[in-house]
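Biologist: Please take a close look at a single part of this model, one you can place within the whole. Keep the reasoning explicit, and use the rest of the chain for context.

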Amino acid sequence: MNIIWHKSTRQIHLCNRRISYIMYVQPNGELGQLYFGKKLHDKDDFTYLSYRGQKSHVCGEAASEDFSMELNRQEYPSFGGTDFGTPAYEISYADGSMIGKYTYVDHLIFKGKKPLPGLPATYGSEEEAMTVEITMHDELRNVYIVLSYTIFDDYPAIARSVRFINRSDNQIVLNRVLSLCMDLSDLNYEMIQFSGAWARERIPIVRKINSGITAVESRRGVSSANQNPFVILKRENTNEFVGEAIGFSFVYSGNFLAQADADTYGRLRFLMGIHPDGFKWPLSKDEEFSTPEVVMVYSDQGLNYLSQTYHKLYNKNLVRGVWKERPRPILLNNWEATFMNFTEADILKIAAKAKEAGAELFVLDDGWFGARDNDYAGLGDWVENTKKLPDGMKGLAKKINELGLEFGFWIEPEMVNPDSDLYRKHPDWSFSVPGRKPSLGRHQLVLDFSRKEVVDYIYNMLFKVIDGANIAYIKWDMNRTISECFSHEGGALKQGMIYHKYVLGVYSLYKRLITAFPDILFESCASGGARFDAGMLYYAPQAWCSDNTDAVDRLLIQTGTSYGYPVVSIGSHVSAVPNQQTGRSTPIDFRANVAYFGTFGYELDLNHISEEEFEQVKKQIMFMKENRELIQYGDFYRLITPYDNNMCAWMVVSEDKKKALFGCYVLRANVNAITARVKLCGLDPDAIYTIGNHSYFGDELMQVGVVLDARNAPGFTIGEDYKSIVLTINT
Ligand code: DGJ
């Protein structure tokens, strides 16, 4: 990797073995974009890439009439100048003007990557990453903007963020501070967004880019189940295996905007950052504001390669702590088995059976604290309910440990029920508009985490429960989105800061807990997958993917999630049938074959399944123990996606290509079906692989495929609904 400054032409070229990113100082001093894509040879001058041939409406701002901000591609366009496209930022200055003009001052190139204060971000050593910070200045206003770009040695990836520094004597207000603007030189793209709702999160939708705006966003205070802060721009012909695509992943867990603006001269502007709605951030003299970062990945080898890049980059350079690159424990969670209705004896009985099956970790879900017997009460009172846990968390942890299992439990620290001691004591600690009745969601309100005292209070309560007990795991839930986001502290000027300060408060609590308890494995959750984003992964290396545990629906949800997030981060469990969300019954091997491609665990009482199924469960756990390293950290391929399909096929291959696993799922039985063949991927064409009793060359498996009949895929007979196989492929 390298970052080269061409002094004579004032161009900056970031490159590694795979990609080039080239910018330049435009004739008017503002920063322009020249190229992002497959690696180019370096040279002094790429200015010809800026020329667009058309005549613009307003030329201005430079000596030559040929120069136009509107027709050139910009790095970080302002509001109110001659660019006319969607601005990346907008600032209100003391005189009421919102018109900025920031010109190049200097730049700093260094090895490695700096952390972002208070925010999650990718990191990289001096060998892994290189950064350029470009300082821009508005002389009239004496405000600086520092644009930061990090290129990673091993990946076709660039991380970007922006810092605002006010050096003027006047207060300014940041109205809009997006993290990234990427101007592309043609409009021939489609946008893949990952959309849904509770229980149907992250389903890919492809939209053709047309003149004007194509956008997804969240104003729910969390990244949301409805739209994910990860999108892909791809060429029309790009598929899983070939073609160009650019991914944009926002390392942030709150309101966001991801927007493509296709102008009428063929310039495609893509922007991503904190949603400007409801955002106003005052900056006094010498104060700074840093945006969260966006990680862009370029692929010229289709969507699988794009996803694999995110998987590896996030596993190696975003996830942190002792769980980084470690296979995950096989757990049993009691939620769907008992809901909040349990005694300690019930819990121990479920845990003992989980141990007998071979599980490694027991997780006690919601219902262990305060007056929490249903979801009307208790949130905020993080003290053990001794009717349910007579010896407290410490006592239960000890008893579970004595069974031979690790122990973990559930929390929902950001919430309060009006029926709780905390709310009775501090009614002003939750969001609400003075003089109006606040809206409830799941009978609860959102605590005002923009206030340090609130975060401190919750931290201290949780600390008491965790400290001294032997806790291996925590599931951190968040079951309602934010409305009426008004803080009772701070006055009028602060209200535009609250959404973002809330997210910073959540991150600060995470940071304090992971620092105090560095060995605990955190799993994030928000009514399932409503906060599955790269920001959360920095603190919690895995996330509960969806409250929908139906294996058929999980094929869609887990496939969608895999586009932007590593397999090892996808919380996936086998649950009871009929499924509690869909009412569907699928065989237990089908449920496990789907759940293997994630963290793997169980969400049911194993005392309530048949002897025969219990024997299967034991085998499943053994299988996962043998293969989890490969599944969770191998190269993952979507061979056949389940959307508008009766079939789905996934595959993982080890880095040395010696081992692979192939998972294949058929939903509805086909009568008199034609034998299906699925072509594998990522193998060594010259190596000989065995599947069961058969041997094949790698090229055969990739060019011809696995023939799905009873001889080659034992047990895989078409003739029943919900058939599946997972084949091990070894050299
Ligand atoms: C929602 C989560 O997604 C579930 O798994 C469970 O933890 C419940 N909340 C508990 O209230």
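Modeller: A residue is called buried when its relative accessible area is under 20%. A residue is exposed when that value is over 50%, and partly exposed in between. The model is predicted. By that cut-off, 62% of the 731 residues in the protein are buried.

I start with the whole, then go to helix α4. The protein holds 12 helices and 39 strands. For 731 residues, a compact globule would have a radius of gyration near 27 Å. The protein has 27 Å, so the value agrees with the globule rule. Along the principal axes, the C-alpha atoms fill a box of roughly 85 × 70 × 45 Å. The accessible surface comes to about 26,900 Å², and carbon and sulfur atoms hold 50% of that area. Take the contacts with a separation of 6 or more: 69% of them join residues 24 or more positions apart. On charge, there are 77 positive and 91 negative ones. The mean positions of the two sets lie 1 Å apart.

Now the part itself. Helix α4 runs over residues 392-403, which makes 12 residues. At 1.5 Å a residue, α4 should span 16 Å. Its end C-alpha atoms are 17 Å apart, and this agrees with the expected span. Which residues of α4 are buried? They are G392, M393, G395, L396, A397 and I400. What do these buried residues pack against? Two helices are partners: α3 (344-357) and α6 (452-466). Two strands are partners as well: β22 (361-364) and β23 (406-411). Just after α4 comes G404. G404 takes a positive phi of about 100 degrees.

Other helices give a reference for the span check. Helix α1 covers residues 302-317, 16 residues in total. The expected span is 22 Å at 1.5 Å a residue, and the end C-alpha atoms of α1 are 22 Å apart, so the two agree. Of the 16 residues of α1, 14 are buried; therefore α1 is largely enclosed by the rest of the structure. Helix α7 has 19 residues, 498-516. Its expected span is 27 Å, its end C-alpha atoms are 26 Å apart, and this too counts as agreement. The buried residues of α7 include I498, H500, Y502, V503 and G505. Also buried in α7 are V506, Y507, L509, Y510, L513 and I514. Helix α11 spans residues 611-633 and contains E611. E611 is exposed, because its relative accessible area is 61%. The C-alpha atom of E611 is 40 Å from that of N226, with their positions 385 residues apart along the chain.

G404 has a positive phi, and two non-glycine residues invite the same backbone check. D286 has phi near 70 degrees, a positive value in a residue other than glycine. D286 sits in the loop between β18 (281-283) and β19 (288-290). D286 counts as partly exposed, because its relative accessibility is 42%. K657 is not a glycine either, and its phi is positive at about 65 degrees. K657 belongs to the loop between β33 (647-653) and β34 (659-666). At 32% relative accessibility, K657 is partly exposed. The peptide bond from V577 to P578 is another backbone detail: it is cis, with omega near -5 degrees. P578 lies in the loop between β30 (574-575) and α10 (588-595).

One more loop is worth a look. E126 lies between β6 (103-111) and β7 (129-138). G112 is in the loop between β6 and β7 too. Leaving out residues up to four places away in sequence, E126 touches M1, K111 and G112. By that rule, G112 touches G124, S125, E126, A129, M130, T131 and T150. G112 has 3% relative accessibility, so it counts as buried. The C-alpha atoms of G112 and E127 are 7.0 Å apart, across 15 residues of chain. For E126 and F152, 26 residues apart along the chain, the C-alpha separation is 9.9 Å.

Back to α4, then. Its buried residues pack against α3, β22, β23 and α6, and G404 follows just after the helix with its positive phi.

Note on methods. Residues are numbered from 1 along each chain as its sequence is written. This is a predicted model: local features need pLDDT of at least 70, side-chain atom pairs count only at pLDDT 80 or more; totals for chains, interfaces and linings use all residues. Side-chain values use heavy atoms; hydrogens and water are left out. Helices (H or I, at least four residues) and strands (E, at least two) are DSSP runs, numbered from the N terminus. The radius of gyration is taken over C-alpha atoms; the globule rule is 2.2 Å times the number of residues to the power 0.38. Buried means under 20% relative accessible area, exposed over 50%, partly exposed in between (1.4 Å probe, protein chains only). Contact means heavy atoms within 4.5 Å. Accessible areas come from the Shrake-Rupley method with a 1.4 Å probe; for residues, only the protein chains shown count as cover. Lys and Arg count as positive and Asp and Glu as negative; His and the chain ends are not counted. The place of a charge is taken as NZ of Lys, CZ of Arg, CG of Asp or CD of Glu. The expected span of a helix is 1.5 Å times one less than its number of residues.
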